[in-house]
Amino acid sequence: MNPVRYMHLDVFAASPGGGNHLGVVTDAAGWSDAQMQRYARWTDLVETTFLLPPDDPKASYRVRIFTPQKEIAFAGHPSVGSAHAVLECGLATPKDDLLWQECGAGVLPIRVEGSGAQRTLLLQSPAARVVKTGLHAHPLLAPTLNGISLGTLPPALVDGGRRWWLAECVDEASLRTWKPDHSAIGALAVASGSMGLCAFARSKHPDYQLVVRAFPSGVGIVEDPASGAANGLIAAYLAHAEPNGSLAQGYSVSQGREMGHDALLIARISDGNIWIGGRTNTVIDGTLQWNGV
């Protein structure tokens with residue numbers, strides 16, 4: 001295989017090194033499914049993406065997203081990071097400040113605001129629906145939430161591109177110090193066909209209004225430092241449950257500090273649409289030689 005450009009990115013970072021890792025192969029046109037999967041397994045990142053020419057004429061580009069174990073249709077931080085790579089490599093030009101990303105979940109718009117180090121990218125999340133709510137919505141839910149005091153909204157299973165259990169905690173301090181039972185989260189994820197549990201708490205901090213911790217045990221991850229898709233579901237749930245609430249139009253999210261990261265995500269809610277985004281930093285930009293099969 002010919003050498004191709006490879007980028008290692010820091011997605012949703014509030015400070016350098018604070019976001020979520022992403023590897024992007026910028027020209028994967030000659031790669032087979034097996035080569036993509038093997039490379040994603042080798043990087044051992046939460047996700048690695050592969051950029052391709054679009055099949056849909058509406059799309060600016062196409063992306064395939066792989067975990068070390070399998071290909072997935074959609075995820076938030078890989079989508080935002082891939083859009084950053086597309087712009088850095090000059091692979092597509094925004095039209096009316098939008099890129100259109102083709103992925104397994106369809107063709108999704110990504111809004112481009114600003115330029116350079118100040119550029120913010122916001123992904124429109126797939127439509128979401130609340131599947132069920134309440135502490136007793138699943139027999140394994142209450143044991144999973146043992147040890148944490150719940151907040152105003154009832155726990156909920158929400159589906160939209162990905163499927164997550166969401167739980168509001170009573171306050172920021174309780175969430176940040178919570179030591180969840182990861183085996184219980186894993187059992188709940190497997191039994192309900194979900195990613196796992198995403199817990200959130202409201203905050204009075206001047207820089208953010210929500211704190212989020214995500215535990216995607218359903219895909220073998222203990223905790224995620226910055227979760228675009230999960231935050232999209234939280235925003236959809238808040239807009240559904242509190243249409244006139246203080247967070248109904250949007251807010252900022254702090255995530256990842258409990259695991260040594262410092263991510264800042266932006267949620268915007270308008271006309272029934274959820275936009276999740278933030279800034280992305282390029283950490284490594286180099287040449288990749290990969291012949292693994």
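**A tour from cysteines to rings**

Begin by selecting C89 and C103: the sulfur of C89 is 19 Å from the closest cysteine sulfur, which belongs to C103, and this is too far for a bond. A disulfide here is a pair of cysteine sulfur atoms within 2.5 Å, and a search of the whole structure finds 0 of them. The model is a predicted one, in which local features need pLDDT of at least 70 and side-chain atom pairs count only at pLDDT 80 or more, while totals for chains, interfaces and linings use all residues. Residues are numbered from 1 along each chain as its sequence is written, and side-chain values use heavy atoms, with hydrogens and water left out.

Next, select W31 and F50, an aromatic pair that is tilted, with 5.6 Å from centre to centre and 50° between the planes. Rings of Phe, Tyr and Trp (its six-membered ring) pair if their centres lie within 6.5 Å, and planes under 30 degrees apart count as stacked, over 60 as edge-to-face and the rest as tilted.

Add Y39, which forms an edge-to-face pair with F50 at 6.5 Å centre to centre and 75° between the planes. Y39 lies in helix α1 and F50 in strand β3, so this pair ties together parts that are 11 residues apart in sequence; helices (H or I, at least four residues) and strands (E, at least two) are DSSP runs, numbered from the N terminus.

To see the whole aromatic cluster, select Y6, W31, Y39, W42, F50, F66 and W290.

Finish at W100, where K58 lies over the face of the ring, at 4.1 Å from the ring centre; a charge sits over a ring if NZ of Lys or CZ of Arg is within 6 Å of the ring centre and within 35 degrees of the ring normal.
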